[in-house]
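Here are some exercises to work through with the model open beside you. Try each one before reading its solution.

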Amino acid sequence: MEEKNGMVKIRENVGKVIVGKEKVLELLLTALTAGGHVLLEDVPGTGKTMMAKSLARSMDGKFSRIQFTPDLLPSDVTGLNYYNQKAGEFLFKEGPAFCNILLADEINRATPRTQSSLLECMEEHQITIDGETRTLQEPFLSLPLRIRWRPQAHFRFRKRRWTVFLCAFPWGCRTRRRSWPSWTVLRTDSLFLSFPVCVQRKNF
């Protein structure tokens with residue numbers, strides 16, 4: 001019962017900053033509970049980052065965002081071992097994939113090699129670097145965004161990679177043909193900074 005009430009509070013928290021995306025939030029919570037991932041399809045700047053940040057804040061989780069570009073390397077996603085001259089040894093620096101909610105913005109702008117580094121994290125919930133495997137935090141929800149405009153500037157996102165996603169759907173942006181209730185309304189007064197923790201991460 002406490003966990004159910006926590007889910008209701010998460011919806012209330014996110015509803016303070018995002019209006020009109022109740023069905024999207026329901027799918028995200030389902031994927032988070034089931035240990036799956038969600039592929040979003042739409043244009044940038046429609047409130048996806050605020051949604052992900054609010055969700056992470058409500059569950060006391062860590063949020064990361066990666067802006068995928070053609071020059072992004074796999075180590076920029078997963079992390080790397082570097083030599084520390086002062087310590088005289090190799091140390092590991094975690095990448096943004098070591099989090100609970102990961103927003104991978106414009107994933108199809110990156111090379112297939114970089115895309116594969118993220119897909120390994122999603123499928124196995126672990127990262128292997130230089131022969132050493134590191135487990136990601138639980139729960140782990142990845143939200144890659146595949147943009148469809150200007151396809152000539154993107155790398156192909158092969159359909160066989162869709163198997164790692166629990167669901168895929170368009171986010172839905174503002175258009176003149178859409179009525180007010182279906183719009184995304186952003187309230188940028190940073191209300192989510194005062195969000196209480198509704199569900200502990202270990203309960204997912």
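**Exercise 1.** Which residues on the other side of helix 2 are exposed?

*Solution.* A word on the material: this is a predicted model, in which local features need pLDDT of at least 70 and side-chain atom pairs count only at pLDDT 80 or more, while totals for chains, interfaces and linings use all residues. Residues are numbered from 1 along each chain as its sequence is written, and side-chain values use heavy atoms, with hydrogens and water left out.

Step 1: locate helix 2, which covers residues 22-34. Helices (H or I, at least four residues) and strands (E, at least two) are DSSP runs, numbered from the N terminus.

Step 2: pick out the buried residues (under 20% relative accessible area; exposed is over 50%, partly exposed in between, with a 1.4 Å probe and protein chains only). In helix 2 they are Val24, Leu25, Leu28, Leu29, Ala31 and Leu32. They cover an arc of only 160 degrees around the axis, so they sit on the same side of helix 2; the arc is that of the directions from the helix axis to the C-beta atoms.

Step 3: turn to the other side, where Glu22, Lys23 and Ala34 are exposed.

Step 4: see what comes next. Glycine 35 follows helix 2 and has a positive phi, near 75 degrees.

**Exercise 2.** Find the element that gives the largest share of the largest nonpolar core.

*Solution.* Step 1: recall that a nonpolar core is a set of buried Ala, Val, Leu, Ile, Met, Phe, Trp, Tyr and Cys residues joined through side-chain atoms within 4.5 Å.

Step 2: the largest one has 29 residues, and Ile10, Val38, Met51, Ile101 and Leu143 have the most contacts inside it.

Step 3: several elements each supply at least two residues of this core, including helix 1 (2-15), helix 3 (48-58) and strand 9 (141-146). Helix 2 gives the largest share, six residues.

**Exercise 3.** Describe how strand 7 and strand 8 are joined.

*Solution.* Step 1: two strands pair if DSSP finds at least two bridges between them. Strand 7 (residues 126-129) and strand 8 (residues 132-135) run antiparallel, with four bridges.

Step 2: check the register, in which glutamine 126 stands opposite threonine 135.

Step 3: inspect the turn. The two strands form a hairpin with two residues between them, and aspartate 130 in the turn has a positive phi of about 55 degrees.

Step 4: compare the faces of strand 7. Ile127 and Ile129 make up the covered face, Gln126 and Thr128 the uncovered one.

Notes. The expected span of a helix is 1.5 Å times one less than its number of residues.
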